[in-house]
Amino acid sequence: MRADRVFAYGAAAGLLGDLLLGDPRRGHPVAAFGRAAAAVERVLWRDDRARGALHTAVCAGGAVALGAVAARAVRTSPAASLALTGAATWAVVGGTSLAREARAVGRALEAGDVEGARARLPHLCGRDPQALDADGIARAVVESVAENTSDAVVGALVWGAVGGVPGLLGFRAVNTLDAMVGHRSPKYLRYGWASARLDDVAGWPGARLTAVLATLAGDDPRGAVRAWRADAAAHPSPNAGPVEASFAGALGVRLGGTLSYGGRVEHRPVLNGTGRAVGIHDVERAVRLSKRVSWLALGVCVAARLIAKGRTS
């Protein structure tokens, strides 16, 4: 079986597996990678960019190497190659867990249980929930769904189309490292610099594809384009900006504004300022848009891989 077809069938099987099974409660491969990366950090950590760059190279490079070795080991068996691609896709995408956590917060808000929603929010994002009222929690959920559609699904599919199993594992490794050490806390400002910058590079194509597909799949394509063009560049993240702005326009809501991370207050630009305030019902709308974008991304990535193979053959 040709490599492009292995990716097509394997990625579809992996995304379907995520839809049906979600993430395992225990023994998740990404959690295992996180523990290994934390062990490397304990050995290497210094308040130094070079040490952080070494940490990034060891961990991300190790994930890519593992994927390459595994893919090479099964290259003569189409069935094993397909199974490996499916398992790798299932392991690195997280759309079902994203939707489950977002809906759990949404249900708590619908029931008027703001404290319950606050308790659940850290499962989804790093915001300080005590600083948020019900509307603020709903806005945080919509923003997290938008950003994680790119990080947890679309970006992985893009790099899987480019690099197969090594691309899938490498992207998830880079994204996980950024979540672990890429934030601007005093401890990681220098040590996490390389992980943060590599994540910006790796996330660039997936973020743009996510923004395009959200524009096409949303309720207001013109509003999504307008918000993307007008507001994305003002966002502090080069990748979250286009994604959140396009989701805001597509859903007809305002995102951004003042938020708090671990006691640190940030004043972010408003995205789609002509939209209305986020309501509780927009949580479900954002989840549905995320799912549409995810499956469209699979189609685009598979088609791109098939076209690229056809041109080189």
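Start by selecting E101, which sits in helix α5; helices here are DSSP runs of H or I with at least four residues, numbered from the N terminus, as are strands (E, at least two). You are looking at a predicted model, in which local features need pLDDT of at least 70 and side-chain atom pairs count only at pLDDT 80 or more, while totals for chains, interfaces and linings use all residues. Residues are numbered from 1 along each chain as its sequence is written, and side-chain values use heavy atoms, with hydrogens and water left out.

Is E101 buried or exposed? E101 has a relative accessible area of 11% and is therefore buried (under 20%; exposed is over 50%, partly exposed in between, with a 1.4 Å probe and protein chains only). Now show R120, H123 and L124: E101 is in contact with these three, leaving aside its neighbours within four places in sequence. Contact means heavy atoms within 4.5 Å.

Next, select I137, V141 and L157. These residues have the most contacts inside the largest nonpolar core, which has 70 residues. Helix α7 gives the most to this core, with 20 residues. Such a core is a set of buried Ala, Val, Leu, Ile, Met, Phe, Trp, Tyr and Cys residues joined through side-chain atoms within 4.5 Å. Stay on L157 and display its contacts beyond four places in sequence, among them F7, A11, L15, S294 and C301.

Keep L15 and S294 on screen, since both also line the largest cavity. Add D18, G95, K291 and W295, which are also part of that lining. The cavity has a volume of about 130 Å³, and a search of the whole structure finds one cavity of 30 Å³ or more. On a 1 Å grid over the protein atoms alone, a cavity is a set of points where a 1.4 Å probe fits but cannot get out, and a pocket is an open set with protein on both sides within 12 Å along at least five of seven lines; lining residues have an atom within 4 Å of a point. Colour α11 (281-312), as α11 gives the most to the cavity lining, with four residues.

Finally, select P29, F33, A63, L66 and L169, the residues nearest the centre of the second largest pocket. About 360 Å³ of space lies there, and 21 residues line the pocket. Helices α2 (29-44), α3 (49-73), α4 (78-92) and α7 (134-181) each supply at least two of them.

Terms used: Points joined across faces, edges and corners; volume = space filled by probe spheres on them.
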